Amino acid sequence: MSAWLPAPGQANYAAANACLEGLAAWRRAHGLPALVVQWGPWADVGHAAQDYGRAAHARLAAMGIHALAPENGLQWLEALISDDCSDVAVADIDWARLVEADPLAARLPLLGPLVATGPGHHVTL
């Protein structure tokens, strides 16, 4: 999600994601399949299974960004492939909590409408 949400220290991820988005757009323009998923944090695997990752996820959760269970992430991936999506975000975010933790988030062009939906609303980007 670092390409869509401000993430200090994550410019490398944002740049890599922007490159992949460009490649996917090129493929789509040429009639080829492509899917870019801006994933929120995943729980229990990879980085999240290490002490440092667990601490990072705890900091994110305190800001309202919760980790996705791997089984839920795989279900989302299956649905996105079936729906022929091209560029989407999948994350479990408490928008009210995020804005409380980072008031500038509500002023970002992408996030303003999401924050305005209020708690309990799910938005597909």
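In the predicted model, Arg97 is partly exposed, with a relative accessible area of 29%. Its partner in a salt bridge is Glu100, and the closest N and O atoms of the two residues are 3.0 Å apart. Both belong to helix H4, where a spacing of 3 residues separates Glu100 and Arg97 by about one helical turn. Glu100 itself counts as exposed, at 59% relative accessibility.

The backbone of Arg97 is also engaged, since its nitrogen is reached by the side chain of Asp94 at 3.1 Å. Asp94 is placed in the loop between strand E4 (92-93) and helix H4 (95-101), and a relative accessibility of 35% makes Asp94 partly exposed. Leaving aside residues up to four places away in sequence, Asp94 touches Met63, Gly64 and His66. For His66, the separation from Asp94 is 28 residues in sequence, while the C-alpha atoms are 8.0 Å apart in space.

Across the whole structure, the search identified 3 salt bridges. Besides the pair in helix H4, one of them joins the side chains of Arg54 and Asp51, with an N to O distance of 2.5 Å. Arg54 and Asp51 both lie in helix H2, and their spacing of 3 residues corresponds to about one turn of the helix. Arg54 is partly exposed at 44% relative accessibility, whereas Asp51 is exposed at 59%.

A further salt bridge links Asp84 with Arg28, whose closest N and O atoms are 3.3 Å apart. Because Asp84 lies in the loop between H3 and E3 and Arg28 in helix H1, this pair ties together parts that are 56 residues apart in sequence. Arg28 counts as partly exposed, at 27% relative accessibility, and Asp84 as exposed, at 54%. The loop that holds Asp84 runs between helix H3 (70-82) and strand E3 (87-90).

Asp84 also has a notable backbone angle. Most residues other than glycine have a negative phi. In Asp84, by contrast, phi is positive, near 55 degrees. Asp44 likewise has a positive phi, of about 70 degrees, although Asp44 is not a glycine. Asp44 is found in the loop between strand E1 (36-39) and helix H2 (51-62). With a relative accessibility of 61%, Asp44 is classed as exposed.

Aromatic and nonpolar side chains were examined next. The search of the whole structure returned 1 aromatic pair. This pair is formed by Trp39 and Trp42 in an edge-to-face arrangement, with 5.0 Å from centre to centre and 80 degrees between the planes. The relative accessibility of Trp39 is 23%, so Trp39 counts as partly exposed. Trp42 is also partly exposed, at 22%. Both values lie above the limit of 20% under which a residue is called buried.

Another tryptophan, Trp26, contributes to a nonpolar patch on the surface. The patch is formed by Leu20, Leu23, Trp26 and Leu32, which together have about 390 Å² of accessible area. Trp26 is located in helix H1 (residues 11-29). With a relative accessible area of 48%, Trp26 is partly exposed. Helix H1 also contains Arg28, the partner of Asp84 in the salt bridge described above.

Note on methods:
Residues numbered from 1 in each chain as written. Heavy atoms only, no water. Patch = residues over 30% accessible without salt bridge, like charges linked within 9 Å, V, L, I, M, F, W, Y side chains within 5 Å. Areas by Shrake-Rupley, 256 points an atom, 1.4 Å probe, with all protein chains shown as cover. Salt bridge = Lys/Arg side-chain N within 4 Å of Asp/Glu carboxyl O. Helix = DSSP H or I, 4+ residues; strand = E, 2+ residues; numbered from the N terminus. Buried < 20%, exposed > 50% of the residue type's maximum accessible area, 1.4 Å probe, protein only. Phe/Tyr/Trp six-rings, centres within 6.5 Å; stacked < 30°, edge-to-face > 60°. Contact = heavy atoms within 4.5 Å. Polar contact = N/O pair within 3.5 Å; in protein donor to acceptor, adjacent residues only side chain to side chain.
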